[in-house]
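Thank you for making time this morning. I would like to walk you through one model, taking the overall picture before the details.

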Amino acid sequence: MISPVPNYQRPPSRIGTRQVTVGTSRVPVSGEPVKVRSVTIKADDNNTAKVYVGGGDVTTGNGFALYPGQAVDIFIDDLSSVYLVAESEGQLVYVLYVAD
């Protein structure tokens, strides 16, 4: 019997991008559910403060810190599960995702 091809071996149906301006209030990367395989979050090179990545409870005290220019890859199934918060207003984040 032939097994179906695992999800990670199928080619993506769509690659998406967006930009999010982040401040001191937590914001979701997407305001609506988006089924994804992975997401890359990159802090703009010209940011003046750290941006923190995490779940719905992310804060500057418990999030994964990104200094200006740094990025992180996350394997997750829903883009709206990823939240951002920054140490100061006006920080720009780039989002690249692979959707199913």
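I will begin with the chain as a whole, then take the two sheets in turn, and finish with the core and one lysine.

Please keep in mind throughout that what you see is a predicted model. The chain contains zero helices and eight strands, so that, read along the sequence, the pattern is simply β-β-β-β-β-β-β-β. Of its 100 residues, 35% are buried, and the accessible surface comes to about 5900 Å², with 52% of that area belonging to carbon and sulfur atoms. If we take the contacts with a separation of 6 or more, 84% of them are between residues 24 or more positions apart.

Let me turn to the first sheet. Four strands form an open sheet in the order E1-E8-E3-E6, and the pairing is antiparallel. E1 and strand E6, which covers residues 71-75, stand at the edges with a single partner strand each, and therefore one side of each is left without a neighbour in the sheet. From one strand to the next, the twist averages 20 degrees. Inside this sheet, E3 and E8 run antiparallel and are joined by seven bridges; if you would like a place to find that pairing on the screen, look for Ala43, which stands opposite Val93 in E8.

The other sheet is also open and has four strands, here in the order E2-E7-E4-E5, again with antiparallel pairing. Its edge strands are E2, at residues 27-28, and E5, at residues 64-66, each of which pairs on one side only. E2 pairs with E7 over two bridges in the antiparallel sense, and in that pairing Val27 has Leu84 of E7 as its bridge partner. On E4, residues 51-54, the antiparallel pairing with E7, residues 83-86, extends over four bridges. Within it, Val51 is partnered with Ala86, while Tyr52 is partnered with Val85.

Which elements give two or more residues to the largest nonpolar core? That core has 20 residues, among which Ile41, Leu79, Leu84, Val95 and Tyr97 touch the most other members. The elements in question are strand E1 (14-22), strand E3 (36-43), E4, E7 and strand E8 (91-99), and you will recognise E1, E3 and E8 from the order of the sheet I showed first, and E4 and E7 from the order of the other. As general background, nonpolar side chains in soluble globular proteins tend to be buried together.

Val95 is a useful residue to centre on, and, leaving aside residues up to four places away in sequence, it touches Gly16, Thr17, Arg18, Val20, Val29, Val39, Thr40, Ile41 and Leu79. Two of those names, Ile41 and Leu79, were also in the group of core residues that touch the most other members.

I will close with Lys50, which lies in the loop between E3 and E4. Its side chain makes a polar contact with the side chain of Tyr52, at 3.4 Å, and Tyr52 is the residue we met a moment ago as the bridge partner of Val85. Again not counting residues up to four places away in sequence, Lys50 touches Ala65, Leu66, Tyr67, Val85, Ala86 and Glu87.

Methods: Residues numbered from 1 in each chain as written. Predicted model: local features only at pLDDT ≥ 70, side-chain atom pairs only at ≥ 80, totals over all residues. Heavy atoms only, no water. Pairing = 2+ DSSP bridges. Core = buried A, V, L, I, M, F, W, Y, C linked by side-chain atoms within 4.5 Å. Buried < 20%, exposed > 50% of the residue type's maximum accessible area, 1.4 Å probe, protein only. Contact = heavy atoms within 4.5 Å. Areas by Shrake-Rupley, 256 points an atom, 1.4 Å probe, with all protein chains shown as cover. Polar contact = N/O pair within 3.5 Å; in protein donor to acceptor, adjacent residues only side chain to side chain. Axes fitted to C-alpha atoms, helices over the stretch in contact; angles between N-to-C directions.
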